[in-house]
Amino acid sequence: MLFPYYRPRRLRQNKEFRRMIRETALSTDDLIAPLFTISGKNVKNPIESMPGHYQLSVENLVQEAKKIYNLGIPAIVLFGIPEKKDPLGTQAYAKKGVVQKGINAIKSKVPGIIVITDVCLCQYTDHGHCGFVEGNTINNDATLDLLAKAALSHAEAGADMVAPSDMMDGRVLEIREALDENGFTNLPIMSYSAKYCSAFYGPFRHAADSAPKFGDRRTYQMDPANSLEAIREAAMDVEEGADIIMIKPALSYLDIISRLRDEIDLPLAAYNVSGEYAMVKAAAEKGWIDGKKVMMEMLVSIKRAGADMILTYFAMEAAMELKKG
Ligand code: PBG
């Protein structure tokens, strides 16, 4: 394959050749759109650091889900911002909690769309941690029951899939058992398996008001320097009954996506997180980059690395770009 016998440019010379040899295709089928819901009537609070995203009360939430589904996007992932917080995050598993009501409304008005729910406590606890706080530590095993309760309450409200994002050890098993014991044997679990302790979650924590009030999440989320550990985390979740394995964030962790693609034979999801979105929006607003092109390049890179699906705040914009062709 040496020049002048081989010339890679031969197959790049026009659009059709390029189409024929393209190795990765991004599709609307791959996209999952995150939505934030809050209580109240007709609320649509813009999230400043995430242009185009809002905290939505239930009727606006349904409208947004409808738009997403009409664009051909198969799924949303739902986050709740509760009215009140307490040490045990009780609103996370309240029958009439903000997420539970949201799931119900979406499933009755837009029944086709897959509703995935984020299962965690940090938006619901007054200390802002993802688990049960004891002194200055997060008690792993005492958290498991609360997470299982939250997952079950989502299932009962009509969720199609639950996605635990807390990073407690053993939570997939606990959730699987709770779902099975209550007749939800068919409800899949998308596990945030390799979730790193990342500064890229900044804008999300404003959006969901979920920043920890003391310390940080380093005792439960993964160290960004580790890669073998991601394999152990994912393997554990597979054993515990996960149906889809997630890597989060996506862009600084493309090597982890690629590595898990080789190691794990379950579908892989990657979360293109809030900070990754905000950076593109901010630079595009300044005219420093072409936001749409950068968006498409990032999304295709996540697929090329090995993800089957992408949770992304760009979902609607990307679906519109894909429609244009
Ligand atoms: C809840 C949760 C977080 C995100 C998804 N689920 C925040 C966190 O762990 O601090 C981040 C999503 C994003 O930044 O887009 N635990």
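1. The largest cavity in this predicted model is lined by 19 residues, and those that lie nearest its centre are Lys195, Tyr201, Phe204, Arg205 and Lys248. When the residues of this lining are sorted by class, nine are nonpolar, five are polar and five are charged. The volume of the largest cavity comes to about 150 Å³.

2. What sits in the largest cavity? The ligand does, and a reader who wants to find the ligand in the picture can therefore begin from the cavity, given that a molecule is said to sit there if more than half of its atoms lie within 2 Å of the cavity's grid points. Around the ligand there are 19 residues, of which Lys195, Arg205, Lys248, Ser274 and Tyr313 come nearest. Lys195, Arg205 and Lys248 are thus named both among the residues nearest the ligand and among those nearest the centre of the largest cavity.

3. The shell around the ligand deserves its own description, with 10 nonpolar, four polar and five charged residues making it up. Two elements that each supply at least two residues of this shell are strand S9, which covers 190-195, and helix H6, which covers 202-208.

4. Several side chains place polar atoms beside the ligand, and they are best taken one at a time. In the case of Lys195, a polar side-chain atom lies 2.6 Å from an oxygen atom of the ligand. For Arg217, an N or O atom in the side chain is 3.1 Å from a ligand oxygen atom, whereas for Asp118 the ligand atom concerned is a nitrogen, at 3.3 Å from an N or O atom in the side chain. As for how much of the ligand is covered, the accessible area that the ligand has on its own is 400 Å², and the protein covers 100% of this area.

5. How many cavities of 30 Å³ or more does the structure hold? There are two of them, and the second largest has a volume of about 40 Å³. The residues that line this second largest cavity are Pro34, Leu35, Phe36, Gly52, His53, Tyr54, Leu56 and Glu64, which by class give five nonpolar, two polar and one charged.

6. Which strand gives the most to the lining of the second largest cavity? It is S1, with three residues. Strand S1 (31-38) and strand S3 (54-56) each supply at least two residues of that lining, so a student tracing the chain may look for both strands around this cavity, bearing in mind that strands are numbered from the N terminus.

Conventions. Residues numbered from 1 in each chain as written. Predicted model: local features only at pLDDT ≥ 70, side-chain atom pairs only at ≥ 80, totals over all residues. Heavy atoms only, no water. Near = heavy atom within 4 Å. Polar contact = N/O pair within 3.5 Å; in protein donor to acceptor, adjacent residues only side chain to side chain. Areas by Shrake-Rupley, 256 points an atom, 1.4 Å probe, with all protein chains shown as cover. 1 Å grid on protein atoms, 1.4 Å probe; cavity = no way out; pocket = protein on both sides within 12 Å on 5 of 7 lines; lining within 4 Å. Helix = DSSP H or I, 4+ residues; strand = E, 2+ residues; numbered from the N terminus. Nonpolar A, V, L, I, M, F, W, Y, C, P; charged D, E, K, R; others polar. Points joined across faces, edges and corners; volume = space filled by probe spheres on them.
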